[in-house]
Amino acid sequence: MSIEVWLVYFGTVLAFMFPPGASHILMLSNSIGSGFKKSIATACGDLSANFLQMMAASIGLAASLHSSQQVFIVIKWAGVAYLVYSGLRLFFSNQSPLKSSPPRSIKSLYWQGFITSASNPKAIIFFAALFPQFISSSEPLLPQFIALSITYLVIDGLFLCFYGKLAAFFAEKFQSNIGQYLNKISGSLLIAAAMVLGVKNID
């Protein structure tokens, strides 16, 4: 892979990441509700799904999913329903989000990130339509896959950490004023993430 191709890919990924997506909103929610350190599990779930999507794109499975509207719709709306359920459950919770409440498990935070990313039309479109364009059939696949994958995962991880750190900073700074509303804020952000997923199309 030439440096010119990599730079074009780098710029494409940056442009793709810049508008906040469902995973970024989810990271905001979980950082507010559980703190930045625990919300890293959400980022890990997101990146795990992305890695699997990149593997699928490299062998052509993502393109098949892209062309299968019915399969895509089921995956997308399952992710939307999961986020709405999680958001409503948190929004109407009577438990304090502070130290007295049971902490959310790393496992649940991980799977939220994984499911949100796996059902995200934006990610599916990228990996089905754009990712394969940067892989040359005349060059060995593995080095290209490693370079493209690491680039994407590092950029995505940095964006997720930025949103997580930002949310955790404001949550800690204003905790005395909004502490009693943290569950409602986190729940609302989860529902907002579901709405972002719901309005995106595969077309």
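Just after helix α2, Gly35 takes a positive phi of about 90 degrees. This is a predicted model, and that glycine is a convenient place to enter it.

Step back from Gly35 into the helix before it. Helix α2 covers residues 22-34, which is 13 residues. From first C-alpha to last, α2 reaches 18 Å, close to the 18 Å expected at 1.5 Å a residue. Helix α2 is also mostly covered, with 12 of its 13 residues buried. The buried positions include Ile25, Leu26, Met27, Leu28 and Ile32. Polar residues are buried here too, among them Ser23, His24, Ser29, Asn30, Ser31 and Ser34.

Now go forward from Gly35. Helix α3 takes up residues 36-58, and Gln53 sits in it. Is Gln53 buried or exposed? Its relative accessibility is 12%. The cut-off for buried is under 20%, so Gln53 counts as buried.

What surrounds Gln53? Leaving aside neighbours within four places in sequence, Gln53 is in contact with Ser117, Ala118, Ala123, Ile124 and Phe127. One of these, Ala118, is 65 residues away along the chain, yet the two C-alpha atoms are separated by 7.7 Å. The side chain of Gln53 has polar partners as well. One is the side chain of Asn50, in a polar contact of 3.1 Å. Another is the backbone oxygen of Ser117, which lies 3.2 Å from a polar atom of the Gln53 side chain.

Move on to helix α8, residues 141-173, where Val154 is found. Val154 has 46% relative accessibility, so it counts as partly exposed; that class lies between 20% and 50%. Val154 belongs to a nonpolar surface patch. Its partners there are Leu142, Ile146, Ile150 and Leu158, and the patch measures about 490 Å². Why can such a spacing in sequence make one patch? An α-helix has 3.6 residues a turn, so residues three or four places apart point the same way.

Finally, take the whole chain. The protein chain has 10 helices and zero strands. From the N terminus on, its elements run α-α-α-α-α-α-α-α-α-α. Buried residues make up 42% of the 203 residues. Among contacts between residues at least 6 apart in sequence, 88% join residues at least 24 apart. The pair Gln53 and Ala118, 65 residues apart, illustrates such a long reach along the chain. The accessible surface of the chain comes to about 10,500 Å², and 71% of it belongs to carbon and sulfur atoms.

Methods. Residues numbered from 1 in each chain as written. Predicted model: local features only at pLDDT ≥ 70, side-chain atom pairs only at ≥ 80, totals over all residues. Heavy atoms only, no water. Patch = residues over 30% accessible without salt bridge, like charges linked within 9 Å, V, L, I, M, F, W, Y side chains within 5 Å. Areas by Shrake-Rupley, 256 points an atom, 1.4 Å probe, with all protein chains shown as cover. Salt bridge = Lys/Arg side-chain N within 4 Å of Asp/Glu carboxyl O. Helix = DSSP H or I, 4+ residues; strand = E, 2+ residues; numbered from the N terminus. Buried < 20%, exposed > 50% of the residue type's maximum accessible area, 1.4 Å probe, protein only. Expected span 1.5 Å × (residues − 1). Contact = heavy atoms within 4.5 Å. Polar contact = N/O pair within 3.5 Å; in protein donor to acceptor, adjacent residues only side chain to side chain.
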